[in-house]
Structures are given as structure tokens and as C-alpha cells.
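Got the viewer open? Let's take a walk through this chain, one selection at a time.

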Amino acid sequence: LGLDDDLWLLRRFVRIVARGRHSGEPRPVTVGFAEVEVGGEGGRPASIVVAAGAPDSAWALNLLADPACLATVGERSFAAIAEPLTGADHAAAIRALILRYGTPAESLGHGPSFRLVPVLPRAGG
């Protein structure tokens, strides 16, 4: 295991595997995250928020092109849909990330942010 693997195994970061928007190939990235409660909307589970430092971050552009992804935090992996955040939701995500990691990255918030919402299994299989 490399340093990248250690970070998500320790629950400090999330590993996201998205489909490359040009290649169609799986593209993994490890980024900071904050957990948020989605709240009683049809029993949706808690989700996590992530944010790109730059508007042209390849991983963020991949999620904008195809929001289906696989997220891994620690030993928990789940299929998710990346929902782009705007306005107050974007600001809240940036605030949560700054609080979690202590100091803001200078560019944090300049790129897109997302809520990774776990995909619930279908009833009956």
C-alpha cells in the first residue's frame, strides 16, 4: 500500500473512482471530505461532501460529465451519485472541509463541490 492508500484507509480522505470523461476508463483520486447528514428525505443515508481546488480539476470534470462513482472511506465502499453543489450548499461544504482539516487551502472553493450520495440498493434485489 502506498501513502495514497493509507490516507483513505485511515478515514482521513475518500478515494473516488469516476469514469474518465475522454477515455471512459476508471480514474481514481484521493481527496479530502466531510460527512454531512442528508436528513429524512425518503430515508436517504448520510453523504459526504468534496470540493475541487480549481475549476479545471480533472476529477471534478469527470464527475460533472458522469456523476456515477465508487467512493471508499476506510473499509467502507459504496456506489454514489455526485450531486454538484451551488450557493449556500457549496459554501457549507467548503466551511465543513475547512473545519475538518483546520486550515483552508488557498484555492479551496474555487472549483466545483459535490455531495456524494450513496445509491440505495433496489428493494427486492
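Which residue takes a positive phi near 60° in the hairpin of strand 5 and strand 6? Select Gly74: that's the one, in a hairpin with two residues between the strands. Before going further, bear in mind that this is a predicted model.

**Zoom out for a second**

Show the whole chain as a cartoon and you'll find three helices and seven strands. Reading from the N terminus, the elements go α-β-β-β-β-α-β-β-α-β. Of the 125 residues, 36% count as buried. The chain exposes about 7100 Å², and carbon and sulfur atoms supply 56% of that area. If you like contact maps, look at the contacts between residues at least 6 apart in sequence: 61% of these join residues at least 24 apart.

**Back to the hairpin**

Now colour strand 5 (68–73) and strand 6 (residues 76–85). The two strands run antiparallel, joined by six bridges. To see one such pairing, pick Thr72, which stands opposite Ser77 in strand 6.

**Step across to strand 7**

Next, select strand 7, residues 113–118. Strand 6 pairs with strand 7 too, in the antiparallel sense and over six bridges. Try two positions along this pairing: Leu85 stands opposite Ser113, and Ala80 has Pro118 as its bridge partner.

Keep Ser113 selected and bring in strand 4 (residues 47–51). Strand 4 and strand 7 run antiparallel, with four bridges joining them. Here Ala51 stands opposite Ser113.

Is strand 7 enclosed or open? Six of its six residues are buried, so strand 7 is largely enclosed by the rest of the structure. Switch on the side chains to check both faces: Ser113, Arg115 and Val117 are on one side, Phe114, Leu116 and Pro118 are on the other, and all are buried.

**Salt bridge stop one: Arg115 and Glu83**

Arg115 is worth a click of its own. Side chains of opposite charge can pair when their charged atoms come close. Arg115 forms a salt bridge with Glu83, and the closest N and O atoms are 3.9 Å apart. With a cut-off of 4 Å for N to O, that pair makes the list. Arg115 lies in strand 7 and Glu83 in strand 6, so the pair ties together parts that are 32 residues apart in sequence. How does burial compare between the partners? Arg115 is buried, while Glu83 counts as partly exposed at 28% relative accessibility.

**Salt bridge stop two: Asp66 and Arg19**

The count comes to two salt bridges, so select Asp66 and Arg19 for the other. Their side chains meet at 3.6 Å, N to O. Asp66 sits in the loop between helix 2 (58–65) and strand 5, and Arg19 belongs to strand 1 (residues 13–19), so this pair links parts that are 47 residues apart in sequence. Colour the two residues by accessibility: Asp66 counts as partly exposed at 25%, and Arg19 counts as partly exposed at 47%.

From Asp66, follow the chain into strand 5, and the hairpin with Gly74 brings you back to where the tour began.

Conventions:
Residues are numbered from 1 along each chain as its sequence is written. This is a predicted model: local features need pLDDT of at least 70, side-chain atom pairs count only at pLDDT 80 or more; totals for chains, interfaces and linings use all residues. Side-chain values use heavy atoms; hydrogens and water are left out. Buried means under 20% relative accessible area, exposed over 50%, partly exposed in between (1.4 Å probe, protein chains only). Two strands pair if DSSP finds at least two bridges between them. Contact means heavy atoms within 4.5 Å. Accessible areas come from the Shrake-Rupley method with a 1.4 Å probe; for residues, only the protein chains shown count as cover.
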